[in-house]
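Thanks for making the time this morning. I would like to go through one model with you, starting with its helix packing and then turning to its domains, its main pocket and one loop.

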Amino acid sequence: MKLIGMLTSPYTRRVAISLTEMGLEFEHVPISVFSHLAEFKALNPVVRAPTLFLDDQTMLTDSHVIIEYFDRADRSRSLWPESDADLRAAASVLGMAQTTCDKTVQLVYERELRPAEKQFADWIDRVTGQVNAACEQLESLVEDAPLWLEADRLNMAGITLSVVCTFMQNRIPDIWERGSFDKLNAFRESAEALPTFRRWPHASLAAPLAHAPLWP
Ligand SMILES: N[C@@H](CCC(=O)N[C@@H](CS)C(=O)NCC(=O)O)C(=O)O
């Protein structure tokens, strides 16, 4: 199996950590949807990370689909909690964490891909407001939410939440620090100390996003 995408992508990183927690082995191919466009296109013409190739060369895209595929293929490795109440609470956190991730990516693209003179301040304000509101929701949920499968093993919601918080801390530090999301940050730090998170660390960008043509 091959996982294509950089660990700067929270979607790719959540897949790498989740598959490892499921006990699955794969080869990681760290190429960027921006700085390795031709190489990426040769593997997946749509150029979307994460892309995963199964051993029979079936191509899977979208982090949710990839993780759900493996969860359904063998329920014994599922990263979801078992009880209905925990499932509900974890799904609520997971959805909000995923939304926060999507909004943060929108903000990063608006700030880093668009030329300064084409940036749309009202849109930046809206998305910043959405990221802040989502973080406030998560800050109020994180302490009581069922995010752990075992003492040192996070479930699907816990993995995604911590990956997204680290992504925000790295890519929108001004918004992350201004918000003082202390509980989220404490949770993020405990997750990042786990062996699987250390095996798949959030990477630094090899180059600025907008250094090459977006689609030559
Ligand atoms: N919903 C998707 C989002 C994936 C996504 O936005 N990936 C980014 C990298 S972080 C990407 O491929 N961006 C390039 C593009 O969409 O053109 C998922 O969960 O995998």
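Before the first helix pair, a word on how the geometry is defined: axes are lines fitted to C-alpha atoms, for helices over the stretch in contact, and the angles run from 0 to 180 degrees between N-to-C directions. Please also keep in mind that what you see is a predicted model.

With that in hand, take helix α1, residues 10–21, and helix α3, residues 63–73, whose axes come within 9 Å of one another and cross at roughly 10°. Since angles under 35 degrees count as roughly parallel, α1 is therefore roughly parallel to α3. On the α1 side the contact is made by Tyr-11, Arg-14, Val-15, Ser-18 and Leu-19, and these meet Ser-63, His-64, Ile-66, Ile-67 and Phe-70 in α3. Sorted by character, the residues of this contact of α1 with α3 are six nonpolar, three polar and one charged.

The second pair is arranged in another way, with helix α5, residues 121–141, packing against helix α8, residues 182–192, at an angle of about 70° and with the axes 8 Å apart. That angle makes α5 roughly perpendicular to α8. Here Cys-135, Leu-138 and Glu-139 in α5 meet Asp-182, Lys-183 and Leu-184 in α8, and the residues of the contact of α5 with α8 divide into three nonpolar, three charged and no polar.

Let me step back to the domains. The domain assignment of the protein chain gives domain 1, which covers 2–78 together with 201–211, and domain 2, which covers 84–197. Taken over C-alpha atoms, the centres of domain 1 and domain 2 are separated by 19 Å, and 19 residues of domain 1 are in contact with 22 residues of domain 2.

Which domains contribute to the lining of the largest pocket? At least three residues of that lining come from each of domain 1 and domain 2. The largest pocket holds about 750 Å³ of space and is lined by 36 residues, with Val-33, Phe-34, Ala-49, Val-105 and Tyr-109 lying nearest its centre. The elements that give two or more residues to this lining are α1, α2 (37–43), α3, α4 (84–112) and α6 (156–171), and of these α4 gives the most, with five residues. As for character, the lining of the largest pocket divides into 23 nonpolar, nine polar and four charged residues.

Ala-49, one of the residues nearest the centre of that pocket, brings me to the backbone, where a cis peptide bond joins Ala-49 and Pro-50, with omega at about 5°. Pro-50 has its place in the loop between α2 and β3 (51–53). Val-47 lies in the loop between α2 and β3 as well, and, although Val-47 is not a glycine, its phi is positive, at about 60°.

Terms used: Residues numbered from 1 in each chain as written. Predicted model: local features only at pLDDT ≥ 70, side-chain atom pairs only at ≥ 80, totals over all residues. Heavy atoms only, no water. Helix = DSSP H or I, 4+ residues; strand = E, 2+ residues; numbered from the N terminus. Parallel < 35°, antiparallel > 145°, perpendicular 65-115°, else oblique. Contact = heavy atoms within 4.5 Å. Nonpolar A, V, L, I, M, F, W, Y, C, P; charged D, E, K, R; others polar. 1 Å grid on protein atoms, 1.4 Å probe; cavity = no way out; pocket = protein on both sides within 12 Å on 5 of 7 lines; lining within 4 Å. Points joined across faces, edges and corners; volume = space filled by probe spheres on them. Domains from an automatic or database assignment.
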